[in-house]
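Colleague: I'm new to reading protein models, and I'd like to go through one with you. Could you show me the general idea each time, and then the case in front of us?

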Amino acid sequence: MQIVWELLLLVAGFVLLMKGADWFVEGASGIADRFGVPQLVIGLTIVAMGTSLPEAAVSISAALNESAGITIGNVLGSNILNVLVILGLTAVICVIPVQKSTVKYEIPFTIGITVLLAVIGLTDHTVGRLDGLLLWALMIAYLLYLLKMAKNGQALQGEQKEEKKRALWMLLLMVALGAVMIVFGSDLTVDSATVLAQILGMDDRLIGLTIVAFGTSLPELVTSVTAALKGKTDIAVGNIVGSNIFNILFVVGTSALITPVEYSGNFMVDSFTAMGAMVLLMLCVLRKKKISRAGGAIMLVCYGAYFVYLIR
């Protein structure tokens, strides 16, 4: 009977996520159009941070409860899923063009901070408060870069196609309600999926790197697929790259400022997988500035291989 109840909660969580993501993308892209901000910038900021709220909530809550060890598994697992599963699946559905600035700046930056996190963590198996300050300093630098991008994007305002305009208060309400539904739906999904996994006898590490990581990445999955289907592909790519940056710099950085975060040696393979996923993304977009269906399929196959490693 408990399995049936948890399955019902799981379905309810999915429904909240799907509708919440739909409203969130609609509201965020409407705000971008109204203020002449490029879709890419909205994807890298509002959408990326909004859909990373579950990772932030889980990790910061764990740090406050002196269980900071869950932070690394959650962030690494989510970042791997974001690229290999979410971008992979989105690209299989719809070929994704990628902005030159994303290829030139954001993806290399994400590779760099993924390597930095691994070096910091695997050196002494701890991400300390000084490391947290460094990650936060990089976060501020990244936000300043986005601010510069947004200012440069004002010149593009006149080129944007005319669409049916919604009132600003309606757009803001859609973003707010969408974010609440995304977070609540994600929590519901993670909790029920975790209970189901425990009933089926899965261990804590596997739950953290798969069920919890997948659950907290569901907003990115639903939002990216929804954005791609609506033709907002800059939001789809910007959302994933921005979320990975936000997960490392803000989520790990903030958790480390609260309490030193344990970085177990068992995460070595996961660290290299996270780096490899970003390098694969770079290789997929380097020449033609797009993620093809073949590239998406390769990403999904790579995650399949990693998943087999996890459950072996």
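Colleague: Which side chains meet in a salt bridge here?

Modeller: The general idea is that side chains of opposite charge can pair when their charged atoms come close. The cut-off used is a side-chain nitrogen of Lys or Arg within 4 Å of a carboxyl oxygen of Asp or Glu. In this predicted model, the side chains of Glu-26 and Arg-166 make such a pair, at 3.4 Å from N to O. The pair links distant parts of the chain, 140 residues apart: Glu-26 sits in helix α1 (residues 2-35), and Arg-166 in the loop between α6 (129-153) and α7 (168-199). A search of the whole structure finds 1 salt bridge.

Colleague: Where do those helix names and residue numbers come from?

Modeller: Helices (H or I, at least four residues) and strands (E, at least two) are DSSP runs, numbered from the N terminus. The protein chain has 11 helices and 4 strands. Residues are numbered from 1 along each chain as its sequence is written. This is a predicted model, where local features need pLDDT of at least 70, side-chain atom pairs count only at pLDDT 80 or more, and totals for chains, interfaces and linings use all residues, while side-chain values use heavy atoms and leave out hydrogens and water.

Colleague: What does Arg-166 touch, not counting residues up to four places away in sequence?

Modeller: Contact means heavy atoms within 4.5 Å. With those sequence neighbours set aside, Arg-166 touches Glu-26, Arg-34, Leu-171 and Met-174. Ile-31 is 135 residues from Arg-166 in sequence, with 9.3 Å between their C-alpha atoms. For the protein chain, take contacts between residues at least 6 apart in sequence: 86% of them join residues at least 24 apart.

Colleague: And how do I read accessibility: why does Arg-166 count as partly exposed?

Modeller: Buried means under 20% relative accessible area, exposed means over 50%, and partly exposed is in between (1.4 Å probe, protein chains only). Arg-166 counts as partly exposed because its relative accessibility is 38%. Its partner Glu-26 is partly exposed too, at 25%. Of the 312 residues of the protein chain, 54% count as buried.

Colleague: Could you show me what a buried residue looks like?

Modeller: Try Thr-110 in helix α5 (residues 100-124). At 1% relative accessibility, Thr-110 counts as buried. Beyond four places in sequence, Thr-110 touches Val-241, Asn-244, Ile-245 and Met-278. Another case is Ala-48 in helix α2, which is buried at 0%. Ala-48 and Glu-220 lie 172 residues apart in sequence, yet 7.8 Å apart in space, C-alpha to C-alpha.

Colleague: Which residues touch the most other members of the largest nonpolar core?

Modeller: A nonpolar core is a set of buried Ala, Val, Leu, Ile, Met, Phe, Trp, Tyr and Cys residues joined through side-chain atoms within 4.5 Å. The largest one has 76 residues, and Val-127, Leu-281 and Ile-291 touch the most other members. Outside its neighbours within four places in sequence, Leu-281 is in contact with residues including Val-83, Leu-87, Ile-107 and Ile-291.

Colleague: What about the backbone: which sign does phi have at His-125?

Modeller: Most residues other than glycine have a negative phi, and most peptide bonds are trans. His-125 is not a glycine, but its phi is positive, about 60°. You'll find His-125 in the loop between α5 and β2 (126-127). Lys-289 has a positive phi as well, about 55°, and is not a glycine either. Lys-289 lies in the loop between α10 and β4 (290-291).

Colleague: Last one: where is confidence lowest and where is it highest?

Modeller: pLDDT is the predictor's confidence in each residue, from 0 to 100. The chain's mean pLDDT is 82, and 89% of its residues reach 70 or more. Confidence is lowest in helix α2 (residues 39-51), at a mean of 69, and highest in helix α10 (residues 268-285), at 95. Over residues 154-163, pLDDT stays under 50. Where pLDDT is low, the predicted coordinates should not be read in detail.
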